[in-house]
Amino acid sequence: MCGIVGAIAQRPVTEILLEGLRRLEYRGYDSAGLAVISADNLLMRERALGKVAELEKKLENSSLAGTLGIAHTRWATHGEPAERNAHPHVSANRIAVVHNGIIENYEELRESLQAEGYVFESDTDTEVIVHLIEKAESQGIELLEAVMSVRKKLRGAYALGVISNDEPDSLIVARHGSPLVIGLGLGENFIGSDIQAMLPVTSRFIYLENGDTAQLSRHEINIYDENGDAVKREIQQSTASMCASDLGEYRHYMHKEIFEQPQAIQATLDSRLTGESFINCIVGETSEGVAAKDILAQVEEIQIIACGTSYHAGLIARYWIESLTEVPCNVEVASEYRYRRQPPKKNMLVITLSQSGETADTLAALDKVKQDGCLATLTICNVPESSLTRESDFSLMTIAGPEIGVASTKAFTTQLVALQLLLGQLLQAKQADDKLIIELISGLKQLPVIVEQVLEHDKAIEKMAEDFIEKNNALFLGRGEQYPVAMEGALKLKEISYIHAEAYPAGELKHGPLALVDSEMPIITVAPNTSLLEKLKSNLEEVRSRGGMLYVFADKAAEIKQQDNIYVIEMPAVPESIAAIVYSVPLQLLSYYTAVFKGTDVDKPRNLAKSVTVE
Ligand code: F6R
């Protein structure tokens, strides 16, 4: 995790670095720091515990200034969040390093450096890197060479930015595993963990490849591959917009993003379907030049891999795919999949789902899939220039726009829309009955308006959330594809309100969790008018007869009436094909308002980060 930014320019870089950090805060925000080489060649550093704003405050009273600098926003892996563990880490007061990733062999490196007299000020894995570079450089080699030699000793994942007061015209970067992008300016160059960090200063970028080391001066960029050979990497012109999302009338990005869902869903659907058919919206081809349509015609099995909220989208899609096609579909969290041995499956399509496209576990799982062999890889992602998009054969983009709140909302519902677009194309490739395709399209076309109608319940859901202020636990129930909807509801509630929440398939309650039910345990459930509605209602009776308090989002046709221990919010009638998408929305609002009442940091909940780029 963590975000890196760096600049070498003819103007002061502090404000550029701070703006870069603000834009990278989604990657971590427990501490931040910045180091520059001053006009008289001194290495100057400032660090602060907490968010970038804390660093900014400290800098207001600091004389730190320079035209070469690196900066970092941290999400702790090794060492608690504390100023002494914040980056940049420094050696001998002359070399500074920022690092994103994890050095797996840091303990042995630390021991041997300590034996040589190096004193460690932090508990981080990163500090070994800066001392190793100092050690190499003090033997008389240049900074670039020192970084290249140190790389050979490091095991793990890293993106590095390195500066030294011996070389005030040089910013060195290295990449292995963690993402790193170079931004090209006129008489100035930049580095960042992603392009967002650099959009205020440039739109031209070079994506470093794994194993690359680069030396940036104000006018030149030289890149070397893992063998140390000079290489050219393509310069890409980005069309991404830098307009930092403005909160407008909203108090939090999460609330704003929940309300952006009708537009985000519409944008993800636009030009991708007609009244009767799905238009190909899958970009790319396999290394043998095979197009998506032909892959979908051949596919005999689907494996979906993702983490967190994206994993829940995958679980919902499995119900859809298996109910409408003959293609079996497995779904697994990436952190498990990446370490599990499986026989290669030549006719398996592997789909990765990711909002950011940079999630380390998902990227590693994709890597494994490619080594094991499969029919093709496809990513459903919200960031066109992301690592997953670049490393998959095919991509299908969600058009959610940037999502700033750490808790994913519009990225999730647009993933579900993209999965339906994929399903539609799969049905067409398998020459399924036109009726199925038309029904799917009809549901999707109604979706933006139905989500608007659900959002009209905002105030009613705010009222419902008052009941949760004093709660420490909550159970979410669902059946069929509403079970992963319940899982997503529970994840949202725990991540932003810090209330312990679990989800169960409603039919599983009697096999154990029913023991938890009493008048103190809120039970939240979604009850659309689907084939499993009657089964769900029987499960709710089991809860009610044990004194449990039910909070139900129900279709009118469900005829679940508000009474003493049942709090009902009536939902619009929805086609079954889109029910999972629609019923996810009130659960987002319930978590949002509960967190607001509890006074948590809704957009930046404790211990979390938007993009998890470490294992
Ligand atoms: C929760 C949330 C996370 C992410 C997960 C995967 O609200 O956002 O669970 O879904 O970290 O991230 P992506 O989708 O970027 O791969």
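1. Strands here are DSSP runs of E at least two residues long, numbered from the N terminus. In this predicted model, Q303 belongs to one such run, strand β17, which covers residues 301-306. Because its relative accessible area is 3%, under the 20% cut-off, Q303 counts as buried. Beyond its neighbours within four places in sequence, Q303 is in contact with N330, V331, E332, Y337, M348, L349, V350 and I351.

2. The next point concerns the nonpolar core. The largest one holds 94 residues, and the members that touch the most others are I302, F476 and F553. Helix α18, residues 579-598, makes the greatest contribution to this core, with 13 residues. In soluble globular proteins, nonpolar side chains tend to be buried together.

3. F476 deserves a closer look, as one of the core members that touch the most others. With neighbours within four places in sequence set aside, the contacts of F476 are A486, G489, A490, L493, A501, E502, A503, Y504, I524 and L587.

4. An open sheet is built from 8 strands, in the order β3-β2-β4-β1-β10-β9-β11-β15, with antiparallel pairing. Its edges are formed by β3 (43-49) and β15 (236-237), each of which pairs on one side only.

5. Two of the pairings in this sheet can be followed residue by residue. Strand β9, residues 181-184, is joined to β11 by 3 bridges, and the two strands run antiparallel. Within that pairing, I182 stands opposite I206 of β11. β11 is also linked to β15, through 2 bridges and again in antiparallel fashion. There, F205 has Q236 of β15 as its bridge partner.

6. Is helix α4 largely enclosed or open? Of the 11 residues of α4 (residues 127-137), 10 are buried, so this helix is largely enclosed by the rest of the structure. The buried residues are E127, V128, I129, V130, H131, L132, I133, E134, A136 and E137. The elements that cover them include β5 (89-91), β6, α3 (106-115), α5 (143-151) and β7.

7. The backbone on either side of β5 calls for attention. The peptide bond from H87 to P88 is cis, with omega near 0 degrees. P88 is located in the loop between β4 (68-74) and β5. In the loop between β5 and β6 lies A92, whose phi is positive, near 55 degrees, although the residue is not a glycine. N93 lies in the loop between β5 and β6 and has a positive phi of about 60 degrees, again in a residue that is not a glycine. N93 is exposed because its relative accessible area, 63%, is over the 50% cut-off. As background to these entries, most residues other than glycine have a negative phi, and most peptide bonds are trans.

8. Internal cavities form a further topic. How many cavities of 30 Å³ or more does a search of the whole structure find? The search finds 5 of them. The largest has a volume of about 70 Å³. Its lining is made up of C2, R74, W75, T77, H78, H87, H99, G101, T124, D125, T126 and V614. Divided by class, these lining residues are 3 nonpolar, 7 polar and 2 charged. H87, one of the lining residues of the largest cavity, is also the residue from which the cis peptide bond runs to P88.

9. The second largest pocket has a volume of about 740 Å³. Its lining comprises 31 residues, of which R175, H176, G177, S178 and N210 are the closest to the pocket centre. By class, the lining divides into 11 nonpolar, 8 polar and 12 charged residues.

10. Which elements each supply at least two residues of the lining of the second largest pocket? They are the strands β6 (95-103), β7 (156-164), β8 (171-176) and β11 (204-207), together with the helices α11 (360-372) and α12 (387-391). The greatest contribution comes from α11, with 5 residues. Several of these elements recur in the points above: β6 and β7 are among those that cover the buried residues of α4, and β11 takes part in the open sheet.

Key
Residues numbered from 1 in each chain as written. Predicted model: local features only at pLDDT ≥ 70, side-chain atom pairs only at ≥ 80, totals over all residues. Heavy atoms only, no water. Core = buried A, V, L, I, M, F, W, Y, C linked by side-chain atoms within 4.5 Å. Buried < 20%, exposed > 50% of the residue type's maximum accessible area, 1.4 Å probe, protein only. Helix = DSSP H or I, 4+ residues; strand = E, 2+ residues; numbered from the N terminus. Contact = heavy atoms within 4.5 Å. 1 Å grid on protein atoms, 1.4 Å probe; cavity = no way out; pocket = protein on both sides within 12 Å on 5 of 7 lines; lining within 4 Å. Points joined across faces, edges and corners; volume = space filled by probe spheres on them. Nonpolar A, V, L, I, M, F, W, Y, C, P; charged D, E, K, R; others polar. Pairing = 2+ DSSP bridges.
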